[in-house]
Amino acid sequence: MAIFRSHGFRLRAAIATGGLLAAVLLTTGCAPLLAPPYAADYETLDRLEATRPGMVAVAKAQPVDTEDKVNTVRLRGAKLVSPSGSFAQYLQDALMRDLAEISAYDPKAPTRIAARILANEIDLGLINGTGRMDVEVTVMRDATPRLRKTYRAETAFDSSYANIVAVPAGQAAYPRLVRALLREVYADPQFVAAIGR
């Protein structure tokens, strides 16, 4: 029985030490944090699919430079990084995944969507956090422009003065910000017309 208690004490001590180490990393900003994976808004995709879009290709999202301001998201002392290498690539991957989900993605299609991120920010605030993303979307069919428009999405989330609460909240908010941006794009009648058959 004493041995069991001793092992239990060691396990609790190890968990406490691990938790303390995680807290130190969050507060000092030593370790970069990965943005969570993108998850589609299926209700919005169902509505887009109901419009019977044509097949669409997706151009390389811009800017590709990982040092560009829009590819750098700071969460106070911590740095949020994209699992795709850049946030432009994160957006491109999300767009391609969504279009593939409704069977509208074809890399050889004559209609091509290009996206350029203009703003990409998460502000943790002191009590409430916010996110903002501006993206210029261009749709071309062969050599003919069909749409060039800037879309903006904003999101809000509970934050805190304490980094150990605020930083993970900002990290979790990023895919929701991208989803909100793409929801704006997909719901726009001009975009729907531009990718139509």
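This note goes through the predicted model above point by point, from the whole chain down to single residues.

1. On the overall make-up, the chain contains five helices and seven strands, and anyone who reads along the sequence will meet them in the pattern α-β-α-β-β-β-α-β-β-β-α-α.

2. On burial and surface, 43% of the 197 residues of the chain count as buried, while the chain as a whole exposes about 10,700 Å², of which carbon and sulfur atoms supply 58%.

3. On how the chain is held together in sequence terms, consider the contacts between residues at least 6 apart in sequence: 73% of these contacts join residues that are at least 24 apart.

4. Helix α4, which covers residues 163-187, allows a simple check of length: its 25 residues, counted at 1.5 Å a residue, should span 36 Å, and because the C-alpha atoms at its ends lie 35 Å apart, the expected and modelled values agree. The same helix should still be looked at with care along its course, since α4 bends by about 30 degrees at Tyr174, and a proline, Pro175, follows within four residues of that position.

5. On the surface, Leu126, Ile127 and Tyr161 together make a nonpolar patch of about 410 Å². One of these residues, Leu126, is placed in the loop between strand β5 (111-123) and strand β6 (128-141). Is Leu126 buried or exposed? Its relative accessibility is 57%, and because a residue over 50% is called exposed, Leu126 counts as exposed.

Conventions
Residues are numbered from 1 along each chain as its sequence is written. This is a predicted model: local features need pLDDT of at least 70, side-chain atom pairs count only at pLDDT 80 or more; totals for chains, interfaces and linings use all residues. Side-chain values use heavy atoms; hydrogens and water are left out. Helices (H or I, at least four residues) and strands (E, at least two) are DSSP runs, numbered from the N terminus. The expected span of a helix is 1.5 Å times one less than its number of residues. The bend at a residue is the angle between axes fitted to the seven residues ending there and the seven starting there. Patches are made of residues with over 30% relative accessible area and no salt bridge: like charges are joined within 9 Å, nonpolar side chains (Val, Leu, Ile, Met, Phe, Trp, Tyr) within 5 Å. Accessible areas come from the Shrake-Rupley method with a 1.4 Å probe; for residues, only the protein chains shown count as cover. A salt bridge is a side-chain nitrogen of Lys or Arg within 4 Å of a carboxyl oxygen of Asp or Glu. Buried means under 20% relative accessible area, exposed over 50%, partly exposed in between (1.4 Å probe, protein chains only). Contact means heavy atoms within 4.5 Å.
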